[in-house]
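Hi,

Here is the structure I promised to pass on. Have a look at it first, and then read on for what turned up when I went through it.

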Amino acid sequence: MTGVFSHLDLTPNRLELARQARAAQGDLIDLTGSNPTTQGLLFPSEVLAAATAAYWQQRCYRPDPRGDAMARAAIVNYYSRRSPPLIITPDDVFLTASTSEAYYLLFSLLSDPGDNLLVPNVTYPLFEYLAALRNLELRSYQLDEEHDWRINARSLRRAADERTRAILIVSPHNPTGAIVDRPLATLNLLGIPVICDEVFAPFTYAAANTPPLAALHPDLPVFTLNGISKLFALPDLKLGWIALNQPARVFAARLELLNDTLLGANALSQFLLPTLFAQGESFMSAMVERVRENLTLALNRFAGHPRIHARAPAGGYYLFPAVSDWDDEEALALFLLERGVFVHPGYFYGDVPGCHVMISALTQPAVFAAGVERLCAALA
Ligand SMILES: Cc1ncc(COP(=O)(O)O)c(C=O)c1O
């Protein structure tokens, strides 16, 4: 068979089969949930209903290749209120169907088949699939666990070559929570465009805030990605965006044509966006608070544990603790599954030394607390 993904074995893996079998027995605690709508985090429906009703009254499809002007103005306003502010104009914003689609557009914009992109050695697994759509090579740079998962500048320099078209940075990072909080001299040295994914921006924990990387690097082309899946817990409404800083503007005309080619962002969600920003603040704060409380609970519980070693993350909504006295992450995940708690093995996120598991602090608090107890007991 030819075509994308034709080389992959698409049958469920051993862990997924075991998870299904264990779930069928009942009483399995899933600590991996990252879909807010299944964790009781629902954006106020009355706000959505009122704004949607207004849409039907004035409905008329006039697509703009960059996206609805009011939605783009709301995004510009959002960045002006970040710390430090990122000053952009509505022309610098492109609305897409999702952050994932935004990546796809940028990969197409910046690279040709055979080129490469630099990605962290541990990260959420979407990049390899998106890169495969464009026949791009992924080269990894290291995040140093002993330095709170900070980007290892030397490995970034080593990974880059003449066919490197972009550096991907996720801040706050999934799953380690690391936040890039200061300019990186290596990025300026390399001068390669940066794609910065900030979908977890409001979710801070040890860090006071998430500075927009584009503001830290005003002389480098930086494409900032975000969307409503995490920001407003609305993954079903499908809306993301790309914000260009000033040096990235040279790409704007071609990006407009690319976005016009798909016109993926739906008009209703674009119409809702100003209302989400205007009325979503208290919901967003409650969501951030839930994650913080869960993180604190888990960190306190792990603090005295002989085998589970967790660091307070700068942000994000995951914990990625190391587990000592195990060397096989899949065997560990299967062992925990047998004891009624499902976690992701570290290798789902890349190739990091040691044995890690991923747990999501977005989980409903009572379930999260019970799951953390089970995890601790199983590894005691
Ligand atoms: C770091 C990161 N970026 C992007 C996404 C996907 O966002 P979207 O729903 O906008 O495609 C996820 C989803 O988990 C994510 O973890």
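**What I found**

Let's start with an open sheet of 3 strands, ordered S12-S16-S15 and paired in the antiparallel sense. The edges are taken by strand S12 (318-319) and strand S15 (344-345); each has a single partner strand, so one side of each has no neighbour in the sheet. Between S12 and strand S16 (residues 357-360) there are 2 bridges, again antiparallel. If you want a residue to click on, Tyr318 sits opposite Ser360 in S16. Before you go further, bear in mind that this is a predicted model.

Strand S3 (residues 116-120) is another one to look at. How many of its residues are buried? The count is 5 of 5, so S3 is mostly covered, with buried meaning under 20% relative accessible area. Both faces of S3 are covered: Asn116, Leu118 and Pro120 are buried on one side, and Leu117 and Val119 are buried on the other. As a reminder, side chains in a regular strand alternate between the two faces of the sheet. S3 runs parallel to strand S4 (residues 137-141), and 5 bridges join the two. Within that pairing, Leu118 stands opposite Arg139 in S4.

**Domains**

The domain assignment splits the chain into domain 1 (14-42 + 282-378) and domain 2 (45-279). Their contact takes 33 residues from domain 1 and 30 residues from domain 2. Going by C-alpha centres, domain 1 and domain 2 are 26 Å apart.

**Salt bridges**

Now the charged side chains. The count comes to 18 salt bridges, and a few are worth opening in your viewer.

Arg14 pairs with Glu330, with 3.2 Å between the closest N and O atoms. Which parts of the chain does this pair link? They are distant ones: Arg14 is in helix H1 and Glu330 is in helix H13 (residues 329-338), 316 residues apart. The two ends also differ in cover: Arg14 counts as exposed at 55% relative accessibility, whereas Glu330 is buried, with a relative accessible area of 17%.

Helix H1 also holds a local pair, Arg19 and Glu16, which are 3 residues apart, about one turn of the helix. Their side chains meet in a salt bridge at 2.9 Å, N to O. Arg19 is partly exposed at 23% relative accessibility, and Glu16 is partly exposed too, with a relative accessible area of 25%.

Then there is the salt bridge between Asp181 and Arg182, at 3.0 Å from N to O. Asp181 is partly exposed, with a relative accessible area of 45%, and Arg182 is also partly exposed at 45% relative accessibility. Elsewhere, Asp64, Arg72 and Asp91 are joined into one network by salt bridges that share partners.

**A nonpolar patch on the surface**

Last item: Leu8, Leu10 and Tyr129 form a nonpolar surface patch, with about 300 Å² of accessible area together. Where is Leu10 found? The answer is the segment before helix H1 (14-24). Is Leu10 buried or exposed? With a relative accessible area of 68%, Leu10 counts as exposed, because the cut-off for that is over 50%.

That's the tour. Shout if you'd like to go through any of it together.

Cheers

Key. Residues are numbered from 1 along each chain as its sequence is written. This is a predicted model: local features need pLDDT of at least 70, side-chain atom pairs count only at pLDDT 80 or more; totals for chains, interfaces and linings use all residues. Side-chain values use heavy atoms; hydrogens and water are left out. Patches are made of residues with over 30% relative accessible area and no salt bridge: like charges are joined within 9 Å, nonpolar side chains (Val, Leu, Ile, Met, Phe, Trp, Tyr) within 5 Å. Accessible areas come from the Shrake-Rupley method with a 1.4 Å probe; for residues, only the protein chains shown count as cover. A salt bridge is a side-chain nitrogen of Lys or Arg within 4 Å of a carboxyl oxygen of Asp or Glu. Helices (H or I, at least four residues) and strands (E, at least two) are DSSP runs, numbered from the N terminus. Buried means under 20% relative accessible area, exposed over 50%, partly exposed in between (1.4 Å probe, protein chains only). Two strands pair if DSSP finds at least two bridges between them. Domain bounds come from an automatic or database domain assignment. Contact means heavy atoms within 4.5 Å.
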